[in-house]
Amino acid sequence: MQGRIWEDYQKPGLDTADMANYRPVSNVSFASKLVECAVAIRLHCYLNSNDLLPSCQSAYRKNHSTETALLRVWSDILNAADQRQVTLLALLDMSAAIDCVDHDLLLQRLQLVFGLCGAPLEWIRSFLYDRT
């Protein structure tokens, strides 16, 4: 999240001849990358200081990782088994989830739930729309 440029332009195992299997490449200037990094850091600080991140979220949080997420799931499974409850685990591939996000809904949620407004919200709006 902190200004990292993703390098995997294609999912492994897909037909390399089909251009629909490739993600668009963003060729932005160095200054744009710096601004993106600064905004990401400020947004993260805002979310943390206002306790707006879910307590179980492991992504993009200091001292959290896939290992802490797995430990939480495993702990929940063991607790349910101790209480003789049925446990169902559904796993979803979320690798391309960001490509499916409704941008209008995301912006609305950022404004209404997370309290973003003004320049930060407009910057995110400009980042999501009118890209070529």
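Trainee: In which helix does Glu36 lie?

Mentor: Glu36 lies in helix α1 of this predicted model. That helix covers residues 30-49.

Trainee: Why is Glu36 called buried?

Mentor: The relative accessible area of Glu36 is 16%. Buried means under 20%, so Glu36 belongs to that class.

Trainee: How far apart are Glu36 and Phe127, in sequence and in space?

Mentor: In sequence, 91 residues separate Glu36 and Phe127. In space, their C-alpha atoms are 9.2 Å apart.

Trainee: What makes Phe127 partly exposed?

Mentor: Phe127 has a relative accessible area of 37%. The class "partly exposed" runs between the 20% limit for buried and the 50% limit for exposed, and 37% falls in that range, so Phe127 is partly exposed.

Trainee: Why do Trp123 and Phe127 count as an aromatic pair, and why is the pair called stacked?

Mentor: Their ring centres are 5.5 Å apart, and rings pair if their centres lie within 6.5 Å, so the two form a pair. The angle between the planes is 20°. Planes under 30 degrees apart count as stacked, so the term applies here. The structure holds 1 aromatic pair.

Trainee: Why are Trp123 and Phe127 separated by about one helical turn?

Mentor: Both belong to helix α4, residues 119-128, where they are 4 residues apart; that spacing is why about one helical turn separates them. Trp123 has a relative accessible area of 26%, so this residue is likewise partly exposed.

Trainee: How do you know that the span of helix α2 is close to the one expected?

Mentor: Helix α2 takes in residues 66-82, 17 in number. From its first C-alpha to its last, α2 reaches 24 Å, and 24 Å is also what is expected at 1.5 Å a residue.

Trainee: What is found at the start of α2, and why does it count as a polar contact?

Mentor: A side-chain oxygen of Ser65 reaches to within 3.1 Å of the backbone nitrogen of Glu67. A polar contact needs N or O atoms within 3.5 Å, so this distance meets the limit.

Trainee: What is the sign of phi in Arg84, just after α2?

Mentor: Phi of Arg84 is near 60°, a positive value in a residue other than glycine. Arg84 sits in the loop between α2 and α3, the latter being residues 103-112. Its relative accessible area is 79%, and exposed means over 50%, so Arg84 is exposed.

Trainee: Where is Asp51 found, and what makes it exposed?

Mentor: Asp51 is in the loop between α1 and α2. At 67%, its relative accessible area passes the 50% limit, so Asp51 counts as exposed. Phi of Asp51 is also positive, near 50°.

Trainee: Why does Val113 count as partly exposed?

Mentor: Val113 has 45% relative accessibility. Exposed requires over 50% and buried under 20%, so Val113 fits neither and is partly exposed. Val113 is found in the loop between α3 and α4. Its C-alpha is 8.7 Å from that of Leu52, although 61 residues separate the two in sequence.

Trainee: Which residues are the closest to the centre of the second largest pocket?

Mentor: The closest are Ser58, Ser65, Thr66, Ala69 and Leu70, out of 16 lining residues. The pocket has a volume of about 460 Å³. By class, its lining has 8 nonpolar, 6 polar and 2 charged residues.

Trainee: What pattern does the protein chain follow along the sequence?

Mentor: The pattern is α-α-α-α, with 4 helices and 0 strands. Of its 132 residues, 14% count as buried.

Key:
Residues numbered from 1 in each chain as written. Predicted model: local features only at pLDDT ≥ 70, side-chain atom pairs only at ≥ 80, totals over all residues. Heavy atoms only, no water. Phe/Tyr/Trp six-rings, centres within 6.5 Å; stacked < 30°, edge-to-face > 60°. Helix = DSSP H or I, 4+ residues; strand = E, 2+ residues; numbered from the N terminus. Buried < 20%, exposed > 50% of the residue type's maximum accessible area, 1.4 Å probe, protein only. Expected span 1.5 Å × (residues − 1). Polar contact = N/O pair within 3.5 Å; in protein donor to acceptor, adjacent residues only side chain to side chain. 1 Å grid on protein atoms, 1.4 Å probe; cavity = no way out; pocket = protein on both sides within 12 Å on 5 of 7 lines; lining within 4 Å. Points joined across faces, edges and corners; volume = space filled by probe spheres on them. Nonpolar A, V, L, I, M, F, W, Y, C, P; charged D, E, K, R; others polar.
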